[in-house]
Amino acid sequence: MTTTRLAIDIETEANPDLIALIPEPEVAVGNLKDPIKIAEKQAQARIDQVAKMALDPHYGRILGIGFARRVQGSVQFSSWVQARQTCIEAEQAVLRSAWDIIGSHTGGYATFNGSAFDIPFMVRRSMLLGVPVVKLPCGKYQTADCKAEHLDVYNLLANGDNNPLRLPRTLAYFTKSLLGRVCPHADVDHAALGQLFASGPDGQQVVAEINQWDAESTLLLAELCERYYL
């Protein structure tokens, strides 16, 4: 299936208003008797838990959704970024705009781990906010095929890859090794994108550049895979 693909990438953030609602983590203290060390371990578990909020659609939210597609030979990027508002209408507007773009696209789609994260996250947030969705196939093996409507590049590249060195098979890893392309903000922690965006125009620009790099890299990897796997 040689097609013009629409690459989709989302950026998420923790919802600080929901931190108090997260159940306390269960911590195995083992043989620890020192109450100070136990308290330190519990505190660290809470920190780790909060750091993962952006990965949970019930405790995180959409910060931005980026799209990349090839138009007349050039890669074109567009995005819908949430306004810095606490009202749910801002995120609803981002989701509606994103689903409109997805629904109006006439070719295939590409994501990187999107069948397990990006698309399910968008769907769940839409469910929670009452936004209609466009159904995309997200089966693990269904999306590991260049002929599929939705090509999950991660599923394709990880299929049969036993990773003997146990290296992190991230978008940055595959993009650098296969395309020689390096993210200009490789040192930025994605879990802190919400704080970075809230810091002001400079932080917002960095988040936008990360979103663009991720979407464009996903598209370029999908095109590369189609040349070798079709």
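**Figure 1. Cysteines without partners.** A disulfide is a pair of cysteine sulfur atoms within 2.5 Å. Chemically, it is a covalent bond between the sulfur atoms of two cysteines. This is a predicted model, and a search of the whole structure finds zero disulfides. Take Cys183. The closest cysteine sulfur belongs to Cys225, and it lies 19 Å from the sulfur of Cys183, too far for a bond. Now take Cys225. For this residue the nearest cysteine sulfur is that of Cys146, 5.5 Å away, and Cys225 is in no disulfide. The cut-off is 2.5 Å. Both residues sit out of reach of solvent by the usual count: Cys183 is buried at a relative accessible area of 11%, and Cys225 is buried at 2%.

**Figure 2. Two asparagines with positive phi.** Most residues other than glycine have a negative phi. Asn113 has a positive one, near 60°. Asn163 is not a glycine either, yet its phi is positive at about 50°. Where do they lie? Asn113 is in the loop between strand E4 (108-111) and helix H3 (118-129). Asn163 is in the loop between helix H4 (153-158) and helix H5 (171-179). Are they buried or exposed? Asn113 is partly exposed, with a relative accessible area of 29%. Asn163 counts as buried, at 12%.

**Figure 3. Helix H5 and its buried face.** Which residues of H5 are buried? They are Leu171, Phe174 and Thr175. Seen down the axis of H5, these buried residues fall within an arc of 100°, so they line one face of the helix. The spacing of a helix helps here. An α-helix has 3.6 residues a turn, so residues three or four places apart point the same way. What covers the buried residues of H5? The cover includes H4 and helix H7 (201-229). Just after H5 comes Gly180, with a positive phi of about 65°.

**Figure 4. Asp214, a buried acid.** Asp214 lies in helix H7. Its relative accessible area is 8%, so Asp214 is buried. Which side chain of opposite charge is nearest? It is Arg181, 7.5 Å away, and Asp214 has no salt bridge. A salt bridge needs a side-chain nitrogen of Lys or Arg within 4 Å of a carboxyl oxygen of Asp or Glu. What does Asp214 touch, leaving out residues up to four places away in sequence? Its contacts are Asp9, Glu11, Leu171 and His190. Leu171 is also one of the buried residues of H5. Now compare positions along the chain and in space. Asp214 and Thr111 are 103 residues apart along the chain, but their C-alpha atoms are separated by 9.5 Å.

**Figure 5. Strand E1 and its two partners.** How many residues of strand E1 (residues 5-14) are buried? Nine of the 10 are, so E1 is largely enclosed by the rest of the structure. E1 pairs with E4 in the parallel sense, over three bridges. In this pairing, Ala7 has Ala110 of E4 as its bridge partner. E1 also joins strand E2 (residues 60-71) through eight bridges, and these two strands run antiparallel. Here the bridge partner of Ile8 is Phe67 in E2. One general rule helps when looking at the side chains. In a regular strand the side chains alternate between the two faces of the sheet.

Notes:
Residues are numbered from 1 along each chain as its sequence is written. This is a predicted model: local features need pLDDT of at least 70, side-chain atom pairs count only at pLDDT 80 or more; totals for chains, interfaces and linings use all residues. Side-chain values use heavy atoms; hydrogens and water are left out. Buried means under 20% relative accessible area, exposed over 50%, partly exposed in between (1.4 Å probe, protein chains only). Helices (H or I, at least four residues) and strands (E, at least two) are DSSP runs, numbered from the N terminus. The arc is that of the directions from the helix axis to the C-beta atoms. Contact means heavy atoms within 4.5 Å. Lys and Arg count as positive and Asp and Glu as negative; His and the chain ends are not counted. Two strands pair if DSSP finds at least two bridges between them.
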